[in-house]
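Let's walk through this structure together, beginning with one helix and then stepping back to the whole chain. Keep the viewer open as you read.

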Amino acid sequence: MTEVFLRAAFFGGVVVLSASFAHSAERRPAAPAAAVAPPAASAAAPPAASPAQIALARAVIVDSGISSSFQLIIPQYLEQIALSVTRTRPELVADLNLVLADVRPDFDKKVDEMIDSAAHLYAQRLTQKELEDVSAFFKSASGRKYVGSQPFLMNDMFVAMQAWSQKISVDMMSRVREEMRKKGHEL
């Protein structure tokens, strides 16, 4: 039986879901991938974003809640380190907790690096006018409600996605077995 582990992230109103598949039976080789053509070279590089455009893009990232996703990473990584170390060295819990508390502020500051990187990416893809429109939305009552509802929607979508993906997985395998049976093969 296949287990599907889903991860969800919210990036600017887009739910990004990724799935990992764990097989309790033996692992089968992957099917060959289809050939993919290299992307066509773009005619011209986009113009450099102005400082005002980057500042506006940064505001969009903060107002949209995307920066919250970045901020969650630091405590999650610190927790993973704590679990990893103390699983085999439980005697280190007290000292490790002190060290993690000491280093966290330095790493919390690193979130700004990711916000700046994201701002540059947004500024490359969106014009000043588009960023102004997006910013206006996130500053509006509807935009604030949208951002505030995302954690609840994400949770609901995660639950729905689990049930949907499990059903699709079973239906797909049943269909493949049926089609292979028509060709004289039993899976």
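Helix α5 has three residues to look for: L131, S135 and F138 are its buried ones. They sit on the same side of α5, because the arc they cover around the axis is only 65°. What lies over them? The cover for the buried residues of α5 includes α1 (51–63), α4 (111–125) and α6 (141–182).

The geometry of α5 itself is easy to check. This helix runs over residues 128–139, and at 1.5 Å a residue its 12 residues should span 16 Å; the C-alpha atoms at its ends are 16 Å apart, so expectation and model agree. The expected figure takes 1.5 Å times one less than the number of residues, which is why 12 residues do not give a longer span.

Now stay with F138 and turn to its ring. A search of the whole structure turns up 3 aromatic pairs. In one of them, the ring centres of F138 and Y146 are 6.3 Å apart and the planes meet at 45°, so this pair counts as tilted. A tilted pair is one whose planes are neither under 30 degrees apart nor over 60. Are the two partners buried or exposed? F138 has a relative accessibility of 7% and therefore counts as buried, while Y146, with a relative accessible area of 26%, is partly exposed. F137 belongs to the picture too, since ring pairs link F137, F138 and Y146 into a cluster.

Stepping back, the protein chain holds 6 helices and 2 strands. Following the sequence, you meet the elements in the order β-β-α-α-α-α-α-α. Of the 187 residues in the chain, 17% are buried. The chain exposes about 13900 Å², and carbon and sulfur atoms supply 62% of that area. As for contacts with a separation of 6 or more, 61% of them join residues that are 24 or more positions apart.

How far should you trust each part? Remember that this is a predicted model. The mean pLDDT of the protein chain is 81, with 75% of its residues at 70 or more. Among the elements, α5 has the highest mean pLDDT, at 96, and strand β2 (residues 14–23) the lowest, at 40. That strand falls in a stretch to read with care: over residues 1–36, pLDDT stays under 50. For these residues the model has 53 contacts beyond four places in sequence.

Definitions and conventions. Residues are numbered from 1 along each chain as its sequence is written. This is a predicted model: local features need pLDDT of at least 70, side-chain atom pairs count only at pLDDT 80 or more; totals for chains, interfaces and linings use all residues. Side-chain values use heavy atoms; hydrogens and water are left out. Helices (H or I, at least four residues) and strands (E, at least two) are DSSP runs, numbered from the N terminus. Buried means under 20% relative accessible area, exposed over 50%, partly exposed in between (1.4 Å probe, protein chains only). Contact means heavy atoms within 4.5 Å. Accessible areas come from the Shrake-Rupley method with a 1.4 Å probe; for residues, only the protein chains shown count as cover. Rings of Phe, Tyr and Trp (its six-membered ring) pair if their centres lie within 6.5 Å; planes under 30 degrees apart count as stacked, over 60 as edge-to-face and the rest as tilted. The arc is that of the directions from the helix axis to the C-beta atoms. pLDDT is the predictor's confidence in each residue, from 0 to 100.
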